[in-house]
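Dear colleague,

Please find below the structure that I am handing over to you. My findings follow directly after it, and I should be grateful if you would read them with the model open.

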Amino acid sequence: EHVRGELTDHYDPAHKVLRLSDSVYGSSSIAAIGVAAHECGHAVQHDKGYGPLKIRTALVPAANIGSKAGIPLIFLGVFLGMNNILIQVGIWVFAIAVLFQLVTLPVEFNASARAVAKIDQYGLLSAEETRGCKKVLTAAAMTALAAALLAVSPPLITGTAALLAFSAAMVAFTAGAVAAGAGAAAAAVGFGALALAAAAAD
């Protein structure tokens with residue numbers, strides 16, 4: 001179904017609904033087909049009982065808490081005179097958020113792989129267009145990897161290596177998008193901005 005906004009494409013496992021954004025719903029561009037196929041990949045994962053997706057879904061509530069409370073608990077423990085209990089609780093809570101990020105990576109890579117397979121199976125794109133779509137999906141997964149590195153980096157770490165990884169992934173993503181066409185290039189900018197914004201927010 002259609003959902004308003006940009007980059008709001010997602011599969012809702014709770015209601016078994018695939019939602020596509022304004023720029024994807026009803027569009028026949030390479031980028032739109034790639035995004036829609038990727039979300040279909042998540043739907044197939046759900047239908048097939050894909051293990052990492054089950055784990056990620058189960059971790060969502062705890063990960064939301066861990067990503068917000070873990071580091072503050074650690075700092076509070078240090079501030080209160082190296083309170084080991086608070087520090088350990090903070091570490092374990094934050095570790096859940098890190099685990100969520102790690103589990104997310106195979107889920108996203110697998111969804112993209114399923115997307116390419118279905119595009120080939122149903123002949124949705126020509127061979128050349130499929131290669132371009134594959135480059136975009138692969139590069140998008142790399143930006144997700146870089147964003148994950150930024151998201152799980154504790155504030156005490158400068159994050160220089162993660163920023164370099166993100167920059168390198170963005171170069172690869174943009175190159176793949178340009179190879180796939182102007183529509184995909186626009187999607188590259190959008191995905192990159194979303195990943196950077198998410199990392200900055202954390």
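L80 is located in the loop that runs between α2 (51-79) and α3. Together with L76 and F79, L80 forms a nonpolar surface patch of about 340 Å². Please note that this is a predicted model.

As to the overall architecture, the chain contains 6 helices and 2 strands. Their order along the sequence is β-β-α-α-α-α-α-α. Of the 202 residues in the chain, 39% are buried. Among contacts between residues at least 6 apart in sequence, 55% link residues that are at least 24 apart. The exposed surface of the chain comes to about 11100 Å², and 68% of this area is supplied by carbon and sulfur atoms.

Turning to the interior, the largest nonpolar core consists of 9 residues, namely I30, I33, A37, A115, V116, I119, L125, C133 and L137. Two or more residues of this core are given by each of the elements α1 (30-48), α3 (84-122) and α4 (127-151). Apart from this core lies another one, of 7 residues, which includes L18, L20, A32 and A36. Within the largest core, I33 may serve as a point of entry. When its neighbours within four places in sequence are left aside, I33 is in contact with S28, I119, L124 and L125.

Two further residues may be of interest to you.

The first is F109, which is placed in helix α3. Is F109 buried or partly exposed? Its relative accessibility is 36%, and F109 therefore counts as partly exposed; the category applies between 20% and 50%. Not counting residues up to four places away in sequence, F109 touches A141 and M142. F109 and G41 are separated by 68 residues in sequence, while their C-alpha atoms are 9.8 Å apart in space.

The second is D12, which belongs to strand β1 (residues 10-12). D12 has a relative accessible area of 14% and is therefore buried, since the limit for that category is under 20%. Which residues does D12 touch, if those up to four places away in sequence are not counted? They are V17 and R19.

With kind regards

Methods
Residues are numbered from 1 along each chain as its sequence is written. This is a predicted model: local features need pLDDT of at least 70, side-chain atom pairs count only at pLDDT 80 or more; totals for chains, interfaces and linings use all residues. Side-chain values use heavy atoms; hydrogens and water are left out. A nonpolar core is a set of buried Ala, Val, Leu, Ile, Met, Phe, Trp, Tyr and Cys residues joined through side-chain atoms within 4.5 Å. Buried means under 20% relative accessible area, exposed over 50%, partly exposed in between (1.4 Å probe, protein chains only). Helices (H or I, at least four residues) and strands (E, at least two) are DSSP runs, numbered from the N terminus. Contact means heavy atoms within 4.5 Å. Accessible areas come from the Shrake-Rupley method with a 1.4 Å probe; for residues, only the protein chains shown count as cover. Patches are made of residues with over 30% relative accessible area and no salt bridge: like charges are joined within 9 Å, nonpolar side chains (Val, Leu, Ile, Met, Phe, Trp, Tyr) within 5 Å. A salt bridge is a side-chain nitrogen of Lys or Arg within 4 Å of a carboxyl oxygen of Asp or Glu.
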